[in-house]
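Colleague: Please take me closely through one part of this model, and give the cut-offs behind each term as you reach it.

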Amino acid sequence: IVRPFNDRRLEGSPAEQAEYAAALTKIGAVTEALDLLNSIKNPPADALLYKAFAHVARWDYAPTIPLLEKYCASSITPYERLIGKVNIVAALVHEESVDAKSLLDELLRETKKHNHVRLHGQIRKLKAQWFVAMKEFDSARSELELADKALRQIGGLDFLFVHKWNAIIDLLKSRGSAKTVRALRQIKEEAGKFCHWETVRECDYYEALSLHSNRLFTHLYMGTPFPAYRARMLSQYGAKIEIWTRSGRSRWL
């Protein structure tokens, strides 16, 4: 329907095209997904959400915020609006914005009021992540304990993410002790079983950051295809890195 092989008279509806693009993002074809989403005439509100997801797949969170704000302002259900807000606050947390705090608190109240257990646990985890960025580790730990209670019954990746952030806090507080590095590597191994490669990437990132390992940092930098992630790495590492190009020449970043 969206990519007809024979009958060129077929044309997917805007909703079908948008959903197809979302599926493309899921399998990693993000460029094609965005091209398709940008070509849809009279796109449904979901297209804004799917565009945001495509940018997130590239670790490029800043462009998602205006898209999600427009999505939340459209004619959608209250629950869909809540999902939009959760994604907005996730972007604000990733960008380490001070604006995240008030929205996190608002969403905690709303998800508790309507008994959205999984979303409530995810917001707790996001608030912990924001506290980590602010280096308020004790507050982050308290939020993770609450997230653990909410997500324990769900298990899977949601529960793994709680353990990941606990391990990251231990690593940062100990400044890379051997014990905490081993614990983080166990999380990395578990994430690999789920084929959640972005968690694997994050574990390597925090290990390189805490140990100030130029070798691991360079390995991760050269193996990361996302410009936004590379920019984040360089901004937080605090040291120049020598990169060798295909021509055999080195350059400093």
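Modeller: A crossing is called left-handed if the near helix is turned anticlockwise from the far one by less than a right angle, and right-handed if clockwise. The model is predicted, so local features need pLDDT of at least 70 and side-chain atom pairs count only at pLDDT 80 or more, while totals for chains, interfaces and linings use all residues. Residues are numbered from 1 along each chain as its sequence is written, and side-chain values use heavy atoms, without hydrogens or water.

I shall centre the account on helix H7, residues 117-133 (helices are DSSP runs of H or I with at least four residues, numbered from the N terminus). H7 packs against helix H8, residues 137-151, at an angle of about 165°, and their axes lie 8 Å apart (axes are lines fitted to C-alpha atoms over the stretch in contact, with angles from 0 to 180 degrees between N-to-C directions). The two helices are therefore roughly antiparallel (over 145 degrees; under 35 is roughly parallel). In passing H8, H7 makes a left-handed crossing. On the H7 side the contact (heavy atoms within 4.5 Å) involves Val 117, Arg 118, Gly 121, Gln 122, Arg 124, Lys 125, Lys 127, Ala 128, Phe 131 and Val 132. H8 contributes Phe 137, Ser 139, Ala 140, Glu 143, Leu 144, Leu 146, Ala 147, Ala 150 and Leu 151. By class, 11 residues of this contact are nonpolar, three polar and five charged (nonpolar: Ala, Val, Leu, Ile, Met, Phe, Trp, Tyr, Cys and Pro; charged: Asp, Glu, Lys and Arg; polar: the others, Gly among them).

H7 also meets helix H9, residues 156-174. The axes of H7 and H9 come within 11 Å and cross at roughly 15°, which means that H7 is roughly parallel to H9. This crossing, too, is left-handed. From H7, Arg 118, Gln 122, Lys 125, Gln 129 and Val 132 face Asp 158, Phe 161, Val 162, Trp 165, Ile 169 and Leu 172 of H9. The contact of H7 with H9 holds six nonpolar, two polar and three charged residues. Arg 118, Gln 122, Lys 125 and Val 132 of H7 thus appear in the contact with H8 and in that with H9.

H7 and H9 also help to line two pockets (a pocket is an open set of points on a 1 Å grid over the protein atoms alone, where a 1.4 Å probe fits and protein lies on both sides within 12 Å along at least five of seven lines; lining residues have an atom within 4 Å of a point). The largest pocket has a volume of about 1600 Å³ (the space filled by probe spheres set on the points, which are joined across faces, edges and corners). Its lining comprises 41 residues, with Val 56, Tyr 61, Asn 87, Phe 161 and His 196 nearest the centre. H7 and H9 are among the helices that each give two or more residues to this lining, alongside H1, H3, H4, H5 and H11. H5 gives the most, with seven residues. The lining of the largest pocket has 24 nonpolar, nine polar and eight charged residues. Phe 161, one of the residues nearest that centre, is part of the contact of H9 with H7.

The second largest pocket has a volume of about 450 Å³. Of its 19 lining residues, Lys 135, Leu 172, Tyr 206, Leu 209 and Gln 236 are the closest to its centre. Here H7 and H9 are joined by H5, H11 and helix H13 (227-237) in giving two or more residues each. This lining divides into 10 nonpolar, five polar and four charged residues. Leu 172, close to the centre of the second largest pocket, likewise belongs to the contact of H9 with H7.

Technical notes. Parallel < 35°, antiparallel > 145°, perpendicular 65-115°, else oblique.
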